[in-house]
Amino acid sequence: MKVLVGIKRVIDYNVRVQINREGTDVVKEGVKMSINPFDEIAVEAALRIREAGQADEVIVATIGPGAAQQQLRTALAMGADRAILLETDREIQPLAAARALMKLVEKEQPGLVLLGKQAIDDDANQVGQMLAAQWDRPQATFISGLDLSDGKLKAVREVDAGLETVEVSLPAVLTVDLRLNEPRFVKMPDIMKAKRKPLETIAFDSIGIDMPPQLENLGYEAPPKRSGGVRVDSVEALVAALNDKGVL
Amino acid sequence: MATVLLLAEHDGETLNVSTARAMRCAMALGEVDVVVLGAGTDGVAEQASRLEGARRVLHVDRPENAHPVAAVMAPQLASLASEYDVLLAPSSTFGRDILPRVAALLGVPQISDIMEVIDERTFKRPIYAGNVITTVRVPGDCKIIGTARIASFAAVAGAQAPAAVESIQVEADLPTDTVWIGLEASGGDRPDLQSANRVVAGGRGIGSKENFDLIFRLADRLGAAVGASRAAVDAGYVPNDMQIGQTGKIIAPDLYIAFGISGAIQHMTGIKDAGVIVAINKDGEAPIFEAADIGLVGDLFQILPELEKALGD
Ligand SMILES: Cc1cc2nc3c(=O)[nH]c(=O)nc-3n(C[C@H](O)[C@H](O)[C@H](O)COP(=O)(O)OP(=O)(O)OC[C@H]3O[C@@H](n4cnc5c(N)ncnc54)[C@H](O)[C@@H]3O)c2cc1C
Ligand SMILES: Nc1ncnc2c1ncn2[C@@H]1O[C@H](COP(=O)(O)O)[C@@H](O)[C@H]1O
């Protein structure tokens, strides 16, 4: 069985994101870029499935600019077997990303697709569900546990009410939450080895997807700032301040 | 006037308050019908009929709808949505799981986490963990599909007279390859985090599961719900459904008190709609103080019992 993992190149989660002067985009030049943290967990989960003898190959794929090769190389260094870049400089929103991933699903016929539950740039939380719909296969989203045996997969989902368990037959799409695992550290020799692993680049415009309608971006702004508060120096003063605000 | 179909969230017995909040967003977009998918859910349909703004309630009651399985619900919603200009759901894990699946079946983009309606096709939504707000417009004559960020909309009131409930059947092939096994709810009888007026939360600084009792005791005194940072959940102090933030719950209580939470952006995005934010942290430089209305620098193990006592009389 092959496992396909979708990863996205995003601004690192530690960066304080700035909006450009024109309010037309966020500043991306000179800013640290990383694999979306959820996707790193998806890669780790795929590697563990392969290491448990339940899959033979882990393929990582991204839709993005040429520079996203860096993130694919990192995933290869973690242990993925090969990588595919669907290269484009266009903005690719979730429905288009899902259609592109569907093309790869048709080509590679994976038994399992692992994605992050959301990309921390657009915070859309859509691609996995959309891919599952197009593929007409089950989905298990926001998972923090998985157990695979006999072509069935039991997944634990983090939902607002607690932890939900579902069983899906394969192939299926999973989207992973942060508590599923802790991704491994990449070691120096692995980075060297990853340079020799196959990384295929395909022009996004050549894969023949029906480009879906996309949302128009009319601008970016900073969220309203909370005005500065007060410091108190004792519990007594805290209670007084709370009374002042009328919240007790 | 545009027609809106609002997907109701419920647990089989009770309509979730997220529905009444999403209704506020739906009413800004047009005339609203509420759809209840469930099994043996006459009671839920009846509650939905009492929401202000509900024109009718469509009730699709069948055994397959006993649990919220996206692969089962999405084709039904895609079929029903064909009659509407807008399909909306609360941006809870329930809505986030199902709605993109419907959007893909219909081949239209989805607006996640609508926080403000600018006009019938234009919306504001948060990105980058709430550090940036973007304004997006749905192009052309695309159907509008979106989830409403629960904390951004106040719940609507009850209706004067209940709306009509129509039991309907939907033609759709429903898959059977997803089996719902169970839900482990930590629940209890404490106030619900997403609707409580007051929330007391603890972070890594609490140090252990046992120490979290201090937080629970103060919460009980205040009639507050209990929340936590991701670090506290990861460390096993409290269950996942208490996590507040980018990947947890987004809340908007009148009062939020944080003990031993540093104030990472991923946490702050979950609380910035709170009325009054109080931070207690021993590190005066902790970023949470930048957003706190009231800050107290000190050891939480000293302050928590003192505060509990001070509020006792
Ligand atoms: C993709 C992604 C998503 C994330 N989503 C979330 C999310 O949804 N919610 C979330 O909360 N985090 C989230 N995080 C994690 C976030 O970045 C922080 O790591 C986390 O919020 C830190 O939790 P904390 O403040 O409890 O712990 P710490 O940052 O370790 O802070 C502990 C604080 O306790 C104080 N303290 C210690 N002892 C005492 C004492 N005795 N008295 C008083 N104060 C004390 C310390 O001074 C410190 O400020 C996410 C991270 C990523 C990468
Ligand atoms: N451009 C992309 N290339 C590859 N995978 C992607 C891309 N965009 C999103 N994904 C995957 O879909 C998940 C959810 O993204 P989103 O729906 O945009 O929040 C991500 O965590 C990735 O696993």
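The exercises below, each with a worked solution, concern a predicted model.

**Exercise 1.** Determine which residues and secondary-structure elements line the largest pocket.

*Solution.* Begin with the extent of the pocket, which has a volume of about 1500 Å³. Next, consider its lining of 45 residues, of which Tyr13(A), Pro37(A), Leu178(A), Arg230(B) and Gln266(B) are the closest to the centre. Then assign the lining to elements: at least two residues each come from strand S3 (33-35), helix H1 (37-51) and helix H2 (69-78) of chain A, and likewise from helix H6 (230-234) and helix H7 (265-268) of chain B. Among the contributors, H1(A) gives the most, with 4 residues. Finally, sort the lining by class, which yields 18 nonpolar, 17 polar and 10 charged residues.

**Exercise 2.** Describe where ligand 1 lies and which polar contacts it makes with chain B.

*Solution.* First locate the ligand, which lies between chains A and B. Of the 30 residues that surround ligand 1, the closest are Arg204(B), Ser229(B), Ile244(B), Ser262(B) and Asn281(B). Then examine the nitrogen atoms of ligand 1: one is 2.7 Å from a polar backbone atom of Ile244(B), while a polar side-chain atom of Thr247(B) lies 2.9 Å from a nitrogen atom of the ligand, and an N or O atom in the side chain of Asp299(B) is 3.0 Å from a ligand nitrogen. As a last step, take the 1000 Å² of accessible area that ligand 1 has on its own, of which the protein covers 85%.

**Exercise 3.** Establish how far helix H1 (residues 17-27) of chain B is covered, and what caps its N-terminal end.

*Solution.* Applying the criterion of under 20% relative accessible area, one finds that 8 of the 11 residues of H1(B) are buried, including Arg21(B) and Met23(B). Turning to the N-terminal end, the cap is Asn16(B), with a side-chain oxygen 2.9 Å from the backbone nitrogen of Ser18(B), a residue that is itself buried.

Technical notes:
Residues numbered from 1 in each chain as written. Chains lettered and ligands numbered in written order. Predicted model: local features only at pLDDT ≥ 70, side-chain atom pairs only at ≥ 80, totals over all residues. Heavy atoms only, no water. 1 Å grid on protein atoms, 1.4 Å probe; cavity = no way out; pocket = protein on both sides within 12 Å on 5 of 7 lines; lining within 4 Å. Points joined across faces, edges and corners; volume = space filled by probe spheres on them. Nonpolar A, V, L, I, M, F, W, Y, C, P; charged D, E, K, R; others polar. Buried < 20%, exposed > 50% of the residue type's maximum accessible area, 1.4 Å probe, protein only. Polar contact = N/O pair within 3.5 Å; in protein donor to acceptor, adjacent residues only side chain to side chain. Near = heavy atom within 4 Å. Areas by Shrake-Rupley, 256 points an atom, 1.4 Å probe, with all protein chains shown as cover.
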